[in-house]
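The following exercises concern a single structure and are each followed by a worked solution. Please examine the sequence and the coordinates before reading on.

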Amino acid sequence: MTAFAADWLALREPADRVARDLELLARLADWSADRGRLSVLDLGCGTGASLRAVAPLLAVPQSWLLVDQDPDLLARCPETVGMATAATARFDLAADLDLLPWDAVDLVTASALLDLVSADWLRRLVALARDKAIYMALSVDGRIELTPAVADDAHILELVAAHHRRDKSFGPALGHTAAAALRDVLHAAGRAAELRSADWVLGPERAALQAALLDGYAAAAAEQAPHLAERIRHWRALRAALSEQHLRIGHQDLLSLPAAG
Ligand SMILES: C[S@@+](CC[C@H](N)C(=O)[O-])C[C@H]1O[C@@H](n2cnc3c(N)ncnc32)[C@H](O)[C@@H]1O
C-alpha cells in the first residue's frame, strides 16, 4: 500500500486546481448539461480534491461516490459541494475494481492516480467504463524542469523515474507514461480521447510545495539507490540553499466522452 499524507494532498490541491485544463473541463460541463442528474465515481479520491474542483463546474445535480483505500483520507471528504452530494467507500482499487457499482455510473474521474497503475489495470478500467465518460486529471508525464539547475539534477531525476515505475500494488506501475497509455487503450477500444497539458508552474510563492516535492524526490532517489544517500543529501542541500527556484512539473489531463446515442 502507498500512503499519501493528508497534508501533502492539501499542499498540492491549489496547484492542481490552477493546472487543470479548462477546455477539457468546459467540454465535460457541456456534456453533463444534457443530463438530468449525474452519477460520478471518483477513484483514489484522497480527501475529495476532484469533487471540490469539478462538482461546482457541472450545472446539474450530482451524486458522487468517492473511493479510496485510506480511511483517514475518506473521513476528510466533504458530504456536499455545490449541487453534488457525496458518499465514501473504502475500496482497494487494485484488487476490487470490478466490484464497484459500474452500472450506476455516468462519469468516472480520478486525479493524480494513474502513475500508480499498470497497463493491465488500465485495460480493465476501459472495459468496465466502456459506456461512461472518463476524466482523468493531473497524471505526471515526466517533464520536470528545475531552474536554476544544480549538479546531479539529471541523475536524481533518473532515480526518481525508476522509483516511480515500482509496483504500487497495481502491478508494474506505468509512472510517467500512464496518461498516454490510457489514451492509447481508449483509441484501441474505438473511443475518442484527448490529452492536454496541465502543468504545475511553481514559483517562490509555492515554496512549501516545492520543498515537499523535492523532499519526496530525495526520499525516492535514496530508496532507489541507498548507496548514494550522501550524494542525494548533498543535492537536496544545494537546492535548499538557492535563494529562489522555479519548477515546472509536467502533468496531463485526459477526457474521453462516450459516443452519443
Ligand atoms: C496522489 S493521491 C491523489 C488523491 C486525490 N485524487 C487528489 O487529487 O488529491 C492518490 C490516492 O490514491 C489512493 N490509492 C492508492 N492506491 C490505492 C488502491 N490500491 N486502492 C484505493 N485507493 C488507492 C491513495 O490512498 C491516495 O488517496
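**Exercise 1: Backbone outliers**

Ala112 is found in the loop between strand 5 (107-111) and helix 6 (119-128). The model is a predicted one. Determine what is notable about phi of Ala112, and treat Ser169 and the peptide bond from Thr147 to Pro148 likewise.

*Solution.*
Step 1. The reference is general: most residues other than glycine have a negative phi, and most peptide bonds are trans.

Step 2. For Ala112, phi is near 55 degrees, a positive value in a residue other than glycine. Ala112 has 21 other C-beta atoms within 10 Å and is therefore buried, the threshold being 20 or more.

Step 3. Ser169, which is not a glycine either, has a positive phi of about 95 degrees. Ser169 is placed in the loop between helix 7 and helix 8 (178-188). It has 16 C-beta neighbours inside 10 Å, so it counts as partly exposed.

Step 4. The bond from Thr147 to Pro148 is cis, with omega near -5 degrees. Pro148 belongs to the loop between strand 6 and helix 7.

**Exercise 2: Packing of helices 7 and 9**

Describe how helix 7 and helix 9 pack, and state which residues meet.

*Solution.*
Step 1. Two packed helices are described by the angle between their axes and the distance between the axes.

Step 2. Helix 7 comprises residues 153-164 and helix 9 residues 207-224; the angle is about 75 degrees and the axes are 8 Å apart. Helix 7 is therefore roughly perpendicular to helix 9, as angles of 65 to 115 degrees are so classed.

Step 3. Helix 7 contributes Ile156, Leu159, Val160, Ala162 and His163, which meet Tyr217, Ala220, Ala221, Glu223 and Gln224 of helix 9. Sorted by class, this contact of helix 7 with helix 9 has seven nonpolar, two polar and one charged residues.

**Exercise 3: The nonpolar cores**

Identify which residues touch the most other members of the largest nonpolar core, and trace the contacts of Leu114.

*Solution.*
Step 1. The largest nonpolar core holds 54 residues, and Leu114, Val117 and Met136 touch the most other members. Strand 6 (residues 133-147) supplies the largest share of this core, nine residues.

Step 2. Once neighbours within four places in sequence are set aside, Leu114 is in contact with Met136, Ser139, Leu174, Ala178, Ala179 and Leu182.

Step 3. Another core, of 10 residues, lies apart from the largest one; Leu159, Val160, Tyr217 and Ala222 are among its members. Leu159 and Val160 in helix 7 and Tyr217 in helix 9 also take part in the helix contact of Exercise 2.

**Exercise 4: Burial and contacts of individual residues**

Classify Ala133, Trp121, Ala119 and Thr88 as buried, partly exposed or exposed, and list their contacts, excluding residues up to four places away in sequence.

*Solution.*
Step 1. Ala133 is found in strand 6. With 21 C-beta neighbours inside 10 Å, Ala133 counts as buried. Its contacts are Leu28, Trp31, Asp106, Leu107, Leu257 and Pro258. Ala133 and Ser256 are 123 residues apart in sequence, with a C-alpha to C-alpha separation of 5.8 Å.

Step 2. Helix 6 holds Trp121, which has 21 C-beta neighbours inside 10 Å and so counts as buried. Trp121 is in contact with Phe170 and Gly171.

Step 3. Ala119 lies in helix 6. For Ala119 the count is 17 C-beta neighbours inside 10 Å, hence the class partly exposed. Ala119 touches Leu174 and Ala181.

Step 4. Thr88, in strand 4 (residues 84-90), has 20 other C-beta atoms within 10 Å and is therefore buried. Thr88 touches Leu66, Leu74 and Cys77. The C-alpha atoms of Thr88 and Met136 are separated by 19 Å, with the two positions 48 residues apart along the chain as the offset.

**Exercise 5: The ligand shell**

State which residues come nearest to the ligand, and how the shell divides by class.

*Solution.*
Step 1. Around the ligand there are 21 residues, of which Gly44, Gly46, Ala49, Gln69 and Leu93 come nearest.

Step 2. Helix 3 (49-54) and helix 5 (93-96) are the elements that give two or more residues to this shell.

Step 3. The shell divides into 11 nonpolar, seven polar and three charged residues.

How values were computed: Residues are numbered from 1 along each chain as its sequence is written. This is a predicted model: local features need pLDDT of at least 70, side-chain atom pairs count only at pLDDT 80 or more; totals for chains, interfaces and linings use all residues. A residue is near a molecule or strand if its C-beta atom, placed from the backbone, lies within 6 Å of it. Helices (H or I, at least four residues) and strands (E, at least two) are DSSP runs, numbered from the N terminus. Ala, Val, Leu, Ile, Met, Phe, Trp, Tyr, Cys and Pro count as nonpolar, Asp, Glu, Lys and Arg as charged, and the others, Gly among them, as polar. Axes are lines fitted to C-alpha atoms, for helices over the stretch in contact, and angles run from 0 to 180 degrees between N-to-C directions. Angles under 35 degrees count as roughly parallel, over 145 as roughly antiparallel, 65 to 115 as roughly perpendicular and the rest as oblique. Two residues are in contact if their C-beta atoms, placed from the backbone, lie within 7 Å. A nonpolar core is a set of buried Ala, Val, Leu, Ile, Met, Phe, Trp, Tyr and Cys residues joined through C-beta atoms within 7 Å. A residue is buried if 20 or more other C-beta atoms lie within 10 Å of its own, exposed if 12 or fewer, and partly exposed in between; C-beta atoms are placed from the backbone.
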